[in-house]
Amino acid sequence: MRSRLVYFIATIITMGLGLASRHYGDQLPDWVSEHTGDALWAGMIYFGVRMVWHRRSTIWAVIISLLFCWMIEFSQLIQTPWLNELRSTLLGALVLGHGFLVVDLIRYTVGILCVYMLDRYFPSNINRM
């Protein structure tokens, strides 16, 4: 139960950092504001997967998170009126995005690998809480 709580908190913190990177993007260096939001979104997905399936391996969580993020990105190639209307809402835009970009696939991969490394580096702290 404690590891679920840790992953829940990590998910919320990562979500907050991602939203802050979008909101305060004009005050950040260009490369940070350009790449960080997508990487943090993918990191949030990883932590969410770990929260739900905390007993599964971290590699499994990486694969599921990558598949999810990449599927969302590739879904942006589908342009139907009802889906575009959903994407025009704030929540729809945050979850589904707007347009397909190959660089987003790289950002997602880097974000997931970064939080995976954090997860691998700090596993003993999670188990002690």
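**Figure 1. D38 and its salt bridge to R22.** In this predicted model, D38 counts as buried, at 12% relative accessibility. Its partner is R22. The closest N and O atoms of R22 and D38 are 3.0 Å apart. R22 is partly exposed, with a relative accessible area of 47%. The two residues sit in separate elements: R22 in helix 1, D38 in helix 2. The pair therefore ties together parts that are 16 residues apart in sequence. R22 also appears in Figure 5, as one of the residues closest to the centre of the largest pocket.

**Figure 2. The salt bridge between D119 and R50.** The side chains of D119 and R50 meet at 2.9 Å, N to O. This pair links distant parts of the chain. D119 belongs to helix 6 and R50 to helix 2, with their positions 69 residues apart in sequence. Helix 2 spans 30–52 and helix 6 spans 102–121. D119 is buried, with a relative accessible area of 5%. R50 is buried as well, with a relative accessible area of 7%.

**Figure 3. D104 and R107 within helix 6, and the wider network.** D104 forms a salt bridge with R107. Their closest N and O atoms are 2.7 Å apart. Both residues lie in helix 6. They are 3 residues apart, so about one helical turn separates them. D104 counts as buried, at 6% relative accessibility. R107 is buried too, with a relative accessible area of 10%. D104 and R107 belong to a network of salt bridges that also takes in R22, E34 and D38. The model holds 5 salt bridges by the rule used here.

**Figure 4. E73, a buried acid without a salt bridge.** E73 is located in helix 3. This residue is buried yet has no salt bridge. The nearest side chain of opposite charge is R107, 7.6 Å away. A salt bridge requires nitrogen and oxygen within 4 Å. R107 instead pairs with D104. D104 is itself among the residues that E73 touches. The other contacts of E73 are G99, F100, L101, L105 and Y108, leaving aside residues up to four places away in sequence.

**Figure 5. The largest pocket and its lining.** About 510 Å³ of space lies in the largest pocket. The pocket is lined by 25 residues. Closest to its centre are R22, W41, A93, L94 and V95. Five helices each supply at least two lining residues: helix 1 (2–23), helix 2 (30–52), helix 3 (58–75), helix 5 (90–96) and helix 6 (102–121). Helix 2 gives the largest share, 6 residues. By class, the lining has 14 nonpolar, 7 polar and 4 charged residues.

**Figure 6. I63 of helix 3 and its separation from I112.** I63 is placed in helix 3. This isoleucine is partly exposed, with a relative accessible area of 46%. Along the chain, I63 and I112 are 49 residues apart. In space, 9.4 Å separates their C-alpha atoms. Helix 3 is also the element that carries E73, shown in Figure 4.

Terms used:
Residues numbered from 1 in each chain as written. Predicted model: local features only at pLDDT ≥ 70, side-chain atom pairs only at ≥ 80, totals over all residues. Heavy atoms only, no water. 1 Å grid on protein atoms, 1.4 Å probe; cavity = no way out; pocket = protein on both sides within 12 Å on 5 of 7 lines; lining within 4 Å. Points joined across faces, edges and corners; volume = space filled by probe spheres on them. Nonpolar A, V, L, I, M, F, W, Y, C, P; charged D, E, K, R; others polar. Buried < 20%, exposed > 50% of the residue type's maximum accessible area, 1.4 Å probe, protein only. Lys, Arg positive; Asp, Glu negative; His and termini not counted. Contact = heavy atoms within 4.5 Å.
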